[in-house]
Amino acid sequence: MKRYVEKAKKILDKNWNGRFTVPSVNLYPHQWNWDSAFIAIGYSRYDTDRAVQELKSLFDAQWENGMLPHIVFDRDNLGKYFPEPDFWKTDISKYSPENHLTSGITQPPIHAYAALKIYENSPEKGKVKEFLKWLFPRLVKLHRYFYLERNPDDNGLIYIRHPWESGMDNSPMWDPVLEKIDLSQMMLPEFVRKDDKIIDPEQRPKDEDYKRYIYLVELFKKNRYEERKIFHECPFIVVDPLFNSVLSASNEALIKIADILGEDYRQIEQWYLTTARSMRDILYDSSKGIFYAYDYIEKKQIKVETSAGFMPLFGGVASHSQALKLLEYMNSASFCEIHEESCFAIPNYDRTKKDFSTKNYWRGPVWININWMLFQGLRRYRFKQKAEHLEKTILELPVRFGFYEYFDSRYGTGYGTKDFSWTASLFIDLYYDYIKSESLRKNIGIYINSVVDDMVVNPDRNGISIKSPSEIFKEFNYLTERILKRYVKNGSVDYRQIRLSPEYKLFLNIAGKLQNLDLSYLKREEKKSFWVNLYNMMVIDFVLKMKVRKTVKEVEGFFTKIKYIVDGKKYSLSDIESLLTDFENKEELIISLVRGTQSSPPLRYIPPDGPDRMIKKSVRDFIGSSEVLIYPEEKTVMISELFHWYSDIFTGEKINKILLSYVKDERKKRFLLENENPEFIYLFYDWYLNN
């Protein structure tokens, strides 16, 4: 993985021109607005000076009215892209900068978010703070421009006036609006595209799209880039959920920056609250469970489902109930379910639509920046399992297929231009995030509590009169299922609510009755479910009783000294693990155990009637997460440290067999079949609590 991080850094070096980083020397030889913000986030992990310079060079070209242009042109590279300054003619605007050549539109304002990341990731806080002092008024000026010039109803919903401003240029979202522009009635200047000469036209917007894009630019020039005049004449006035979500995330970051600098943030806070409230009220469709773009002229939602509709997770805009619906829709066949065969998450358009394309620009492929933002959003809402699904995509695609602009959502093939800067940058960011977690995990192990002697924590208080094995077993299963279904969501355990719940108090009573449970009463399949459920419930009970705050490793002896009495015999968690190795499918049982950690599979109830189905689901979740990374093209398998702990059970051949049983990607399967005993690289185990 380090080798690929170095490769990503070399791509950024290649695309760096001494003042800023171009997205790609081949196709995009100038400075792009939100590209530079994403690039700065990557630089912030290892080169603070470049991260700062990336945003400084961009904001040097800010317009007088606060707008930040979507392209700042490099005078030394003119003639390699279309449209360039001779077409935009932004010098006719009284607001355009005197010393810079720019376009006349903007892009999603992720800059405050990026600036905060630079500060958070830098070891030189004082130095970055000086940069923030310089940048803060410029960021406020940018946001104020949106709320004064692009907020017609004063409700915090900011409109865009060109598809390019969304960052998702030819998204199907814009088709219903653009198709109303009758090209037969338009007199357009002649132009020659350059993008479709460099990249396969099948992967790029159509000529018809470009004609409409150019028509809008002509309209802007006609109105000398005056916002109010453009607003009354432009046929494309749209509220984009992605744009407004990114603005919300940056408003939130701007509040934190103001706090760092001791600046007043009341106005920014009002912007954040107003935009978030209006997005929830106007852009969300409760029947579909997604946020839609909004046609301001027609005063209606644009009912086209794209990845932009999930972006309120990134902005922290979605309510809890809306977030759950977004997760449900995101994790469907429309946008790639967890464990789905031949599907990389998240494609930028609903896969079930007739005009979905796996390779055409913003009409179906997977983009790393979109997945990176959704990954941040899923983590924010504690949707652990789906977040890992996206994390795996971001780590896999560049390594397996190259650092391309975007990727085939079915096969992973790289499309667009190669050596793309934000793909490299966000890969670096995710890697350093992992390394930071690894460093923290290495410091785990300083015990706060130490259990020296055996400690039994399931006393029989005779609080209930249940005595027969059938009644004890039935009640144990009922309470276990109820607790897990009610207080475990998307792999995260709400320990606080469990502690306060009536179900937990009842469980403690039935746990005491386990002392007298006659295990011979249970059938073999029932024993299997019982021991897995008991293990998982003991972990929860131990976490609560030992007052674990961050990790089970705070308690020395957590797995060996704290015990339950079952059928007259003491059992620790380690004892149960050993006991499970007597079952035929011992490997799957060991994997399915939830150790109260982030690296564990999602916690779920295992029914006594046919337990193997749910056990296999747990194993599938684990192998489908970022705990197992298979790179066929690199002949590499990276697996959880868990497999190393039980090396007597998990031989190389056995691991390979398990992976073959659960992996669906055909190239991965072929690689595993051809390499029956590959070399395994062990990933660090994340001991942080799964709460």
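Reader: What makes the crossing of helix 3 and helix 5 left-handed?

Author: In this predicted model, the crossing of helix 3 and helix 5 is left-handed because a crossing takes that name if the near helix is turned anticlockwise from the far one by less than a right angle.

Reader: Why is helix 3 called roughly antiparallel to helix 5?

Author: The axes of helix 3 (residues 48-59) and helix 5 (residues 111-121) come within 10 Å and cross at roughly 155°. Angles over 145 degrees count as roughly antiparallel, and helix 3 is therefore described as roughly antiparallel to helix 5.

Reader: Which residues make that contact, and how do they divide by class?

Author: Helix 3 contributes Thr48, Ala51, Val52, Leu55, Leu58 and Phe59, while helix 5 contributes His111, Ala114, Ala115 and Ile118. By class, the contact of helix 3 with helix 5 has eight nonpolar and two polar residues, with no charged residues.

Reader: Why is helix 3 described as roughly parallel or antiparallel to helix 6?

Author: Helix 3 and helix 6 (residues 125-149) pack at an angle of about 25°, their axes lying 11 Å apart. Angles under 35 degrees count as roughly parallel, so helix 3 is roughly parallel to helix 6. The crossing of helix 3 and helix 6 is left-handed. On the side of helix 3 the contact involves Thr48, Asp49, Val52, Leu55, Lys56 and Phe59, which meet residues of helix 6 including Phe131, Trp134 and Arg138. Here the classes are nine nonpolar, one polar and four charged residues.

Reader: How do you know that aspartate 433 and arginine 45 meet in a salt bridge?

Author: The N to O value for the side chains of aspartate 433 and arginine 45 is 3.6 Å, and a salt bridge asks for a side-chain nitrogen of Lys or Arg within 4 Å of a carboxyl oxygen of Asp or Glu, so the pair qualifies as a salt bridge. This pair links distant parts of the chain, with aspartate 433 in helix 17 (residues 421-443) and arginine 45 in the loop between helix 2 (33-43) and helix 3, 388 residues apart. In total, the structure holds 48 salt bridges.

Reader: What makes strand 18 and strand 20 edge strands?

Author: Three strands form an open sheet in the order 18-19-20, with mixed pairing. Strand 18 (628-631) and strand 20 (680-683) each have a single partner strand, so one side of each is left without a neighbour in the sheet. From one strand to the next, the twist averages 20°.

Reader: How do you know that strand 19 and strand 20 pair?

Author: Two strands pair if there are at least two bridges between them; four bridges join strand 19 (residues 636-640) to strand 20, so the requirement is met. These two strands run parallel, and in strand 20 the bridge partner of isoleucine 639 is tyrosine 682.

Reader: What makes strand 12 a partner of strand 16?

Author: Two bridges join strand 12 to strand 16 (residues 562-566), and because at least two bridges are asked for, strand 12 and strand 16 count as a pair, running parallel. In strand 16, isoleucine 562 is the bridge partner of methionine 455. Both strands belong to an open sheet of three strands in the order 12-16-17, with mixed pairing, whose edge strands, strand 12 (455-456) and strand 17 (569-571), each pair on one side only.

Note on methods. Residues are numbered from 1 along each chain as its sequence is written. This is a predicted model: local features need pLDDT of at least 70, side-chain atom pairs count only at pLDDT 80 or more; totals for chains, interfaces and linings use all residues. Side-chain values use heavy atoms; hydrogens and water are left out. Axes are lines fitted to C-alpha atoms, for helices over the stretch in contact, and angles run from 0 to 180 degrees between N-to-C directions. Angles under 35 degrees count as roughly parallel, over 145 as roughly antiparallel, 65 to 115 as roughly perpendicular and the rest as oblique. Contact means heavy atoms within 4.5 Å. Ala, Val, Leu, Ile, Met, Phe, Trp, Tyr, Cys and Pro count as nonpolar, Asp, Glu, Lys and Arg as charged, and the others, Gly among them, as polar.
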